Amino acid sequence: MAAGATVHTFEISLADVDRGVYEELSLRAARHPSETALFLMTRVLAYCLELEEGITFSEGISTAEEPAVLVRDLTGLITAWIEVGQPEAERLHRGSRLASRTAVYTQHDPAKVLARWDGKKIHRREDILLHSFDPGFIEAAAALIERRNALTVSVTERHLYLELNGTSLDSTIRSVPLG
């Protein structure tokens, strides 16, 4: 019998000054047995940093058909395709064709992630942004994840201030286009 997903809850206070987004969220994230804590933390941060009407976690890791996070309009049309980690070029190509906006949030070295896509066909490559954090930031945050989490996320001038279960961390958010 295969092990089931572990559900993590995040009570989130979000203040994204850069985008003018201020929200209180109660977020449930199912962590697949093959999903690392690093991937989960990056997925939750991507959700917070991309928050807009229609955003949701997809089946993500258990399906190749959708990204980790996506945004749909009221008609069900995908408007934002948000990948986490280091997705294959084919997924980015497909996502960029389906959605008007595509982004990637990574917990890996961004130079190595970009190198994976060199010479690969990716639709509207120049419009896709790769977002990364300071070395060690995601690892430190992931080590603090529990089943129930209190999370404060503040963003100002592309600097992320995070308080997770009483511990404060911060990181610059680096964003580079793929093209």
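Me: A residue is called buried when its relative accessible area is under 20%. How much of this protein chain counts as buried?

Reply: Let's start there! The model you see is predicted, and 45% of the 179 residues of its protein chain count as buried.

Me: What makes the protein chain as compact as a globular protein of its length?

Reply: First, the parts list: the chain has four helices and 11 strands. Its radius of gyration is 16 Å, and the globule rule gives 16 Å for 179 residues, so the chain is as compact as a globular protein of that length. Along its principal axes, the C-alpha trace spans about 45 × 45 × 35 Å. The chain exposes about 9,000 Å², with 51% of that supplied by carbon and sulfur atoms.

Me: Why is D16 called buried?

Reply: Its relative accessible area is 3%. The limit for buried is under 20%, so D16 belongs in that class. D16 sits in strand 1, which covers residues 6-16. Leaving out residues up to four places away in sequence, D16 touches V21, Y22, L49 and V155.

Me: What makes the link between the side chains of D16 and R19 a polar contact?

Reply: The two side chains are joined at 2.9 Å. A polar contact needs N or O atoms within 3.5 Å, one able to donate a hydrogen and the other to accept it, so a pair at 2.9 Å is inside the distance limit.

Me: Why is S58 called buried, or is it exposed?

Reply: S58 has a relative accessible area of 14%, and because that is under 20%, S58 is buried. You will find S58 in the loop between strand 3 (55-57) and strand 4 (69-72). Beyond residues up to four places away in sequence, S58 touches E66, P67, A68, V69 and L70.

Me: Why is R158 called partly exposed?

Reply: Its relative accessible area is 36%. Buried is under 20% and exposed is over 50%, so R158 falls in between and is partly exposed. R158 is in the loop between strand 8 and strand 9. Its phi is positive, about 60°, although R158 is not a glycine.

Me: And what does N165 count as?

Reply: N165 has 26% relative accessibility, which lies between the two limits, so N165 counts as partly exposed. N165 lies in the loop between strand 9 and strand 10 (167-172). Here too there is a positive phi, of about 50°, although N165 is not a glycine.

Me: How do you know that strand 8 and strand 9 pair?

Reply: Count the bridges: six join strand 8 to strand 9 (residues 159-164), and the two run antiparallel. Pairing takes at least two bridges, so these strands pair. V155, for instance, has L160 in strand 9 as its bridge partner. The two strands form a hairpin with two residues between them, and E157 in the turn has a positive phi of about 50°.

Me: Which other strands pair in the antiparallel sense?

Reply: Strand 9 and strand 10 do, over six bridges. Y161 stands opposite D170 in strand 10.

Me: How many bridges join strand 1 to strand 8?

Reply: Eight, and these strands run parallel. E11 has A150 in strand 8 as its bridge partner.

Me: Which side chains of strand 8 are buried?

Reply: Those of N149, L151, V153 and V155, which point to one face. R148, A150, T152, S154 and T156 point to the other face and are not buried. In a regular strand, the side chains alternate between the two faces of the sheet.

Me: Which residues of the largest nonpolar core touch the most other members?

Reply: Among its 42 residues, I12, L45, F133, V153 and L160 do. Helix 1 (residues 37-49) gives the most to this core, with 10 residues. Another core, of nine residues, lies apart from it, and its members include L92, V113, L130 and L178.

Me: Which parts do the buried residues of helix 2 pack against?

Reply: They pack against strand 5 (78-84) and strand 6 (101-105). The buried residues of helix 2 (residues 89-98) are A89, R91, L92, H93, G95 and S96.

Conventions
Residues are numbered from 1 along each chain as its sequence is written. This is a predicted model: local features need pLDDT of at least 70, side-chain atom pairs count only at pLDDT 80 or more; totals for chains, interfaces and linings use all residues. Side-chain values use heavy atoms; hydrogens and water are left out. Buried means under 20% relative accessible area, exposed over 50%, partly exposed in between (1.4 Å probe, protein chains only). Contact means heavy atoms within 4.5 Å. The radius of gyration is taken over C-alpha atoms; the globule rule is 2.2 Å times the number of residues to the power 0.38. Accessible areas come from the Shrake-Rupley method with a 1.4 Å probe; for residues, only the protein chains shown count as cover. A nonpolar core is a set of buried Ala, Val, Leu, Ile, Met, Phe, Trp, Tyr and Cys residues joined through side-chain atoms within 4.5 Å.
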